[in-house]
Amino acid sequence: MSRKSLTDVAFSLINLARTGWMLRGIPGSLAETVAEHSFLSALICMELSEDVKDLDVEKMAVYALLHDLGEAFIGDVVKNFSSSVGETKERIELESVEKGIENELAKKLYWEYSRQQSREAKMAKLCNYIATYVMGLRYREMGFRVDDIIENTKKEIEDFSRELGVWEAVKRRYSL
């Protein structure tokens with residue numbers, strides 16, 4: 001496998017629609033891409049940092065930007081399948097990023113995010129869930145039937161934000 005620059009990876013993610021939206025009838029022209037999702041996740045990290053102090057917000061935002069790098073190599077895998085293969089998918093993504101990306105810092109940060117060992121990595125994951133929830137609300141406003149994603153993601157947000165001790169801030173900011 002030849003190694004890719006971050007720009008090459010970005011182009012892959014810019015053109016990769018998120019599968020869950022497509023499966024619910026959202027046309028390709030409206031479907032959120034993986035890059036759009038990562039960008040929204042990063043902005044939510046910045047937004048949420050106003051309510052949750054003592055975090056390295058820059059690191060959170062970069063984690064959010066990089067959290068789906070592996071999808072540039074294996075595609076966007078639907079949640080049901082991803083959950084059933086769990087560690088295998090994660091291992092393949094980690095190996096793909098390690099072997100397939102030139103940038104050492106991006107690989108290091110991707111690995112740190114995937115290990116979920118810091119509060120910033122966990123908060124970036126929470127922002128990932130919030131980004132999916134927010135996008136789901138937008139699609140529902142457009143008339144698409146995405147209630148299952150909204151409800152499942154809402155549950156993940158509540159559980160994860162309670163675990164992190166930020167539920168009240170998340171609930172207030174995102175009207176959950």
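# Questions on a helical chain

Colleague: Of the 176 residues of the protein chain, what percentage counts as buried?

Modeller: Buried means under 20% relative accessible area, exposed means over 50%, and partly exposed is in between (1.4 Å probe, protein chains only). Of the 176 residues, the share that counts as buried is 45%.

Colleague: What pLDDT do local features need here?

Modeller: Residues are numbered from 1 along each chain as its sequence is written, and side-chain values use heavy atoms, with hydrogens and water left out. This is a predicted model, in which totals for chains, interfaces and linings use all residues, side-chain atom pairs count only at pLDDT 80 or more, and local features need a pLDDT of at least 70.

Colleague: How many helices and how many strands does the protein chain have?

Modeller: Both are DSSP runs numbered from the N terminus: helices are H or I with at least four residues, strands are E with at least two. From the N terminus on, the elements run α-α-α-α-α-α-α-α-α-α. The count is 10 helices and zero strands.

Colleague: What is the radius of gyration of the protein chain?

Modeller: The radius is taken over C-alpha atoms, and the globule rule is 2.2 Å times the number of residues to the power 0.38. For 176 residues the rule gives 16 Å, and the chain comes close to that, so it is as compact as a globular protein of that length. Along its principal axes the C-alpha trace spans about 45 × 40 × 30 Å. The radius of gyration is 16 Å.

Colleague: Among contacts between residues at least 6 apart in sequence, what percentage joins residues at least 24 apart?

Modeller: A contact means heavy atoms within 4.5 Å. Among the contacts between residues at least 6 apart in sequence, the share that joins residues at least 24 apart is 69%.

Colleague: Which helix gives the largest share of the largest nonpolar core?

Modeller: A nonpolar core is a set of buried Ala, Val, Leu, Ile, Met, Phe, Trp, Tyr and Cys residues joined through side-chain atoms within 4.5 Å. The largest one has 51 residues, and Leu-48, Leu-69, Met-123, Leu-126, Ile-130, Ile-157 and Val-170 touch the most other members. Elements that give two or more residues to this core include α3 (34-48), α8 (119-141) and α9 (147-164). With 11 residues, the largest share comes from α8.

Colleague: Which residues does Ile-130 touch, not counting those up to four places away in sequence?

Modeller: In soluble globular proteins, nonpolar side chains tend to be buried together. Ile-130 is among the core members that touch the most others. Leaving out residues up to four places away in sequence, Ile-130 touches Ile-44, Leu-48, Ile-157, Val-170 and Tyr-174.

Colleague: Which element gives the most to the nonpolar patch on the surface?

Modeller: Patches are made of residues with over 30% relative accessible area and no salt bridge; like charges are joined within 9 Å, nonpolar side chains (Val, Leu, Ile, Met, Phe, Trp, Tyr) within 5 Å. Phe-39, Leu-43, Met-46 and Leu-65 form this one, with about 380 Å² of accessible area together, an area that comes from the Shrake-Rupley method with a 1.4 Å probe, where for residues only the protein chains shown count as cover. Leu-65 is in helix α4 and, at 41% relative accessibility, counts as partly exposed. With three residues, the element that gives the most is α3.

Colleague: How many residues apart in sequence are the parts that Arg-18 and Glu-32 tie together?

Modeller: A salt bridge is a side-chain nitrogen of Lys or Arg within 4 Å of a carboxyl oxygen of Asp or Glu. The side chains of Arg-18 and Glu-32 meet in one at 3.1 Å, N to O, and both residues are buried. Arg-18 lies in the loop between α1 and α2 (19-23) and Glu-32 in the loop between α2 and α3, so the distance in sequence between the parts tied together is 14 residues.

Colleague: Which helix holds both Asp-159 and Lys-155?

Modeller: The side chains of these two residues meet in a salt bridge of 2.9 Å, N to O. Asp-159 is partly exposed at 40% relative accessible area, and Lys-155 is partly exposed at 49%. They are four residues apart, about one turn of the helix, and both lie in α9.

Colleague: Where is Asp-54, a residue with positive phi, found?

Modeller: Asp-54 has a phi near 60°, a positive value in a residue other than glycine. At 79% relative accessibility, Asp-54 counts as exposed. Its place is the loop between α3 and α4.
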